[in-house]
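User: I should like to learn how descriptive terms are justified for a protein model. Please take me through the reasoning, one term at a time.

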Amino acid sequence: MPDVRLASSQGKWILFTTVLGSSMALLDSTVVNVALPRIGRDLDADLAALQWTVNAYMLTLAGLILLGGSLGDTYGRRKIFVMGVVWFAVASLLCGLAPNAEVLIAARALQGVGGALLTPGSLALIQASFHADDRGRAVGLWSGFGGIGAAVGPFVGGWLVDGPGWRFIFLLNVPLALVCVPVALRHVPESADGRKHGRFDVLGATLGALSLALVTYALIEATEGSLVVAVTAVAGVAAGVAFVYVEKRRPDPMMPLDIFRSRQFTAVNLVTLCVYAAFGGFFFLAVIQLQVVSGYSALAAGTALLPATVLMLLFSARSGELGERIGPRIPLTVGPLLCAAGMLLMLRVGQDASYLADVLPALLVLGLGMVTLVAPLTATVLASVDTARAGLASGINNAAARAAGLVAVAALPLLAGMGPEAYRAPAAFDEAFGRAMVVCAAVLVVGAALAFTFVRRLPPGCERPECRRHGNVTSPPLERPGRG
């Protein structure tokens, strides 16, 4: 039984290293967006290359995050966590030294692999190390400090881009890893799940990632209209069908399809796809709009988005409590509608936009919408399946959110009519950005309609989230099984 107490020296070191490790992956999922215009200019990259700079990371992270959690449970959570941190740091070094866009994209894909190993491992280490009486508080501190990291990230990223340069947003991970790894090896006890048998659904993970990669490529390159793009799109759909077939027939699938027999679970994941597709597209394009069209520096653009994250960090726990009292249907309906209103308010953000009059109102409304929906969404996911499958349900929901953001970053510029050089032409980008915000708002309205139609009140005594404070705008909090 885990027996480390939070007040002990070892307990503080465990909390420190897990927060530090998870923050590396969390920061890179948000900070890179701030640097995109500068990366494009320095590497002479077109819009498609910038899309791949974001999507290469999300692709491997979304495709492998479930597998990463299983590897830790079987071979040792500390071992896989440390491996993930080292992998992530080496890939970050390659990103920082990349001589061209192609090398940067490949290194970002490697970063996602490291993120898939360390992200579930950080919370799993807390679950496996702390005494039951301290575990809830440890998880709360872990999620709270992680939220602070998410809030500070865009500010730090903007400062680095405007100061020493965009390469340092990647190189910063190297000294962080040099601190994290020795602390983990010295102070974090090893743990594993003795019930695990060492068989992994590698084929399922490969097919899932391949399907996402092929579909993403087809969407990004669709403006070319070539035979290769058409063949890639068909192959991506075929890989997705093969993934479903494999998951249905395997005795130990990565994503058991019978979990979707719960109408509530299926409905909430559909809402998740809509919500996080809109969020992914918004945070990809908004920082470019602020820099290219409104004339903001990278630091100003990163700081401009802070209100949404800060609101989530401050009020997500209270929103979860409200959802417990009134049920999830209203928050999951009202939340996306508020977010849609916030994105429509972004239509006012154009050339020489005033932060107080134009940007801040949109971010406040968007942040209120995110606060309203994120905690009830997580609670509903956990409550819609058996307690023993809560960790699996959370992992699937988290992967679905990341996959939705991945597809949105690929598809939204296409739907908005952005050409390869759009981010170099302020007037053209501004016009396309307006169309993109309307698309995002429409997707959020669809999510609200799904929630209103299919989400029902939670049964009494159901599973509740442990990560009540949440500041990540790219995915819902990741919960782990084996709680209590």
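**Reasoning from values to terms**

Analyst: Let us begin with one residue of this predicted model: G136 is located in helix α5.

User: Why is G136 called partly exposed?

Analyst: The relative accessible area of G136 is 44%. Buried means under 20% and exposed means over 50%, with partly exposed in between. The value of 44% falls between these limits, and therefore G136 is partly exposed.

User: How many residues separate G136 from E466 in sequence, and how far apart are they in space?

Analyst: G136 and E466 are 330 residues apart in sequence, while their C-alpha atoms are 6.8 Å apart in space.

User: Which helix holds F155, and what makes F155 partly exposed?

Analyst: F155 lies in helix α5, which covers residues 132-162. Its relative accessibility is 38%. Since partly exposed covers the range between 20% and 50%, F155 belongs in that class. Leaving aside neighbours within four places in sequence, F155 is in contact with L299, G302, T303 and L306. A205 is 50 residues from F155 along the chain, and the C-alpha atoms of the two are separated by 34 Å.

User: Why is W166 called buried?

Analyst: W166 has a relative accessible area of 2%. The limit for buried is under 20%, so W166 meets it. W166 is found in the loop between α5 and α6 (168-171).

User: With which residues is W166 in contact, leaving aside its neighbours within four places in sequence?

Analyst: The contacts of W166 include A35, R38, I39, D42 and L43, and also C95, L104, L160 and V161. A contact here requires heavy atoms within 4.5 Å. As for V90, 76 residues away along the chain, its C-alpha atom is separated from that of W166 by 17 Å.

User: What makes L59 buried, and where does L59 lie?

Analyst: L59 lies in helix α2. Its relative accessible area is 12%, which is under 20%, and therefore L59 is buried. Beyond its neighbours within four places in sequence, L59 is in contact with A209, L212, A213 and L406. V113 is 54 residues from L59 in sequence, with 9.1 Å between their C-alpha atoms.

User: Is D44 buried or exposed, and how do you know?

Analyst: The relative accessible area of D44 is 64%. Exposed means over 50%, so D44 is exposed. D44 lies in the loop between α1 (9-43) and α2 (47-75). Its phi is near 55 degrees, a positive value in a residue other than glycine.

User: Why is D352 called exposed?

Analyst: At 63% relative accessibility, D352 passes the limit of over 50%, and so D352 counts as exposed. D352 sits in the loop between α13 (329-345) and α14 (355-383). Although D352 is not a glycine, its phi is positive, at about 55 degrees.

User: How does the span of α13 compare with the expected span?

Analyst: Helix α13 has 17 residues and reaches 25 Å from its first C-alpha to its last, close to the 24 Å expected at 1.5 Å a residue. Its buried residues are P331, L332, T333, G335, P336, C339, A340, G342 and M343. The cover over these buried residues includes α10 (263-293), α12 (306-326), α14 and α16 (426-454).

User: What span is expected for α9, and what does this helix reach?

Analyst: Helix α9 (residues 227-249) has 23 residues; the expected span is 33 Å, and the helix reaches 33 Å. Its buried residues include V229, T232, G236, A239 and F243. The buried residues of α9 pack against α8 (202-220). In general, an α-helix has 3.6 residues a turn, so residues three or four places apart point the same way.

User: How many helices and strands does the protein chain have, and why is the chain called as compact as a globular protein of that length?

Analyst: The protein chain has 16 helices and 0 strands. Its radius of gyration is 21 Å, and the globule rule gives 23 Å for 484 residues; the two are close, so the chain is as compact as a globular protein of that length. Buried residues make up 61% of the 484 residues.

Notes: Residues numbered from 1 in each chain as written. Predicted model: local features only at pLDDT ≥ 70, side-chain atom pairs only at ≥ 80, totals over all residues. Heavy atoms only, no water. Helix = DSSP H or I, 4+ residues; strand = E, 2+ residues; numbered from the N terminus. Rg over C-alpha atoms; globule rule 2.2 N^0.38 Å. Buried < 20%, exposed > 50% of the residue type's maximum accessible area, 1.4 Å probe, protein only. Expected span 1.5 Å × (residues − 1).
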